[in-house]
Structures are given as C-alpha cells and as structure tokens.
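User: Could you take me through one part of this structure in detail? I would like to look at the disulfide and then at the charged pairs.

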Amino acid sequence: QVHLVESGGGVVQAGASLRLSCAASGRTTFSMYGMGWFRQAPGKEREIVAAISGRGGRTGYADSVKGRFTISRDNAKNTVYLQMNNLNAEDTAVYYCAADHRSSWSWVLQEYDIWGQGTQVTVSS
C-alpha cells in the first residue's frame, strides 16, 4: 500500500511563493507512477494543476498556473514538489497530490487512484 503525505501549505500574501512537497511511502516503485498536483477551492470541483511523468521527462500545467508553478520530482527521495510563485487569491485551495499507479503519465483526474490528505494554501490579497 502506498501512502502520500503533502506538506508545505500555509498562509501567504499575494505575490509570495510556496513550495509543496508530497512524500510517498510504502511498497512503491515511485518512478513508474505518474504524479499530479490538484486543488479544490470551496464550492468548486477539484481540478488538475500540474502533472509529471514517472521519470520526470514530461510535465503539464493548467493554463491558470503556467509560468508561475513548476512541478518536479526526486525519485531517489520518493518525493514530488510543486513550486508556486507569484501566488494570488485565486490560488487559495486545498492542494492534493496523487499518483496513477497504472501509468507513468496522466492528465485525467479520474485516472489517479492514490491520493494524499491535502494541504491548505491560503493567499491573502
């Protein structure tokens, strides 16, 4: 069983940066899993923010975060990161990391089958 634990959330002012981390533990061949970061704001559906392939060679971003967020991974540490720069109030949400253990890449939320518990990011304007 693989477990994902996010960390790094917090309360920041608009324009600030945060770095989220997601550590995987348990029986895992981490480099085989596609990983993604998602977020869910109050009253809104969960949406994909960024995704990265198993070995890190492919990444994708939602239009709303392109140029501001960067996803990366360190397979030696079983960890995926989300560097968030120039945050604004619209980025306020609970951020989740997730793994698709059946594929090394996915852009489809429903294909992710292992989820962390989430970490709150609040951006004050």
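Analyst: Happy to; we start with the disulfide, move to a residue that touches it, and finish with the salt bridges.

A quick word on the model: it is predicted, local features need pLDDT of at least 70, side-chain atom pairs count only at pLDDT 80 or more, and totals for chains, interfaces and linings use all residues. Residues are numbered from 1 along each chain as its sequence is written, and side-chain values use heavy atoms, with hydrogens and water left out.

The structure holds one disulfide (a pair of cysteine sulfur atoms within 2.5 Å). Its partners are C22 and C97, with sulfur atoms 1.9 Å apart. The link is right-handed, with 50° about the S-S bond. C22 sits in strand β3 (residues 18-26) and C97 in strand β9 (residues 93-100), so the pair ties together parts that are 75 residues apart in sequence. Strands here are DSSP runs of E, at least two residues long, numbered from the N terminus. C22 is buried at 1% relative accessible area, and C97 is buried at 0%. Buried means under 20% relative accessible area, exposed over 50%, and partly exposed in between, with a 1.4 Å probe and protein chains only.

Now for T79, which lies in strand β8 (residues 79-84). T79 is buried as well, with a relative accessible area of 9%. Leaving aside neighbours within four places in sequence, T79 is in contact (heavy atoms within 4.5 Å) with S21, C22, A23, F30, R73 and D74. A polar atom of the T79 side chain also lies 2.8 Å from the backbone oxygen of K77.

On to the charges. Side chains of opposite charge can pair when their charged atoms come close. The count comes to six salt bridges, each being a side-chain nitrogen of Lys or Arg within 4 Å of a carboxyl oxygen of Asp or Glu. One of them joins D91 and R39, with the closest N and O atoms 2.9 Å apart. D91 lies in the loop between β8 and β9 and R39 in strand β4 (residues 34-40), so this pair ties together parts that are 52 residues apart in sequence. Both D91 and R39 are buried, and they belong to a network of salt bridges that links R39, E47, R68 and D91.

Another salt bridge pairs D63 with K66 at 3.2 Å, N to O; D63 is exposed, at 65% relative accessible area. R102 and D100 form one too, their closest N and O atoms 3.9 Å apart. Here R102 is exposed at 59% relative accessibility, whereas D100 is buried at 2%.

Notes. Helix = DSSP H or I, 4+ residues; strand = E, 2+ residues; numbered from the N terminus. Polar contact = N/O pair within 3.5 Å; in protein donor to acceptor, adjacent residues only side chain to side chain.
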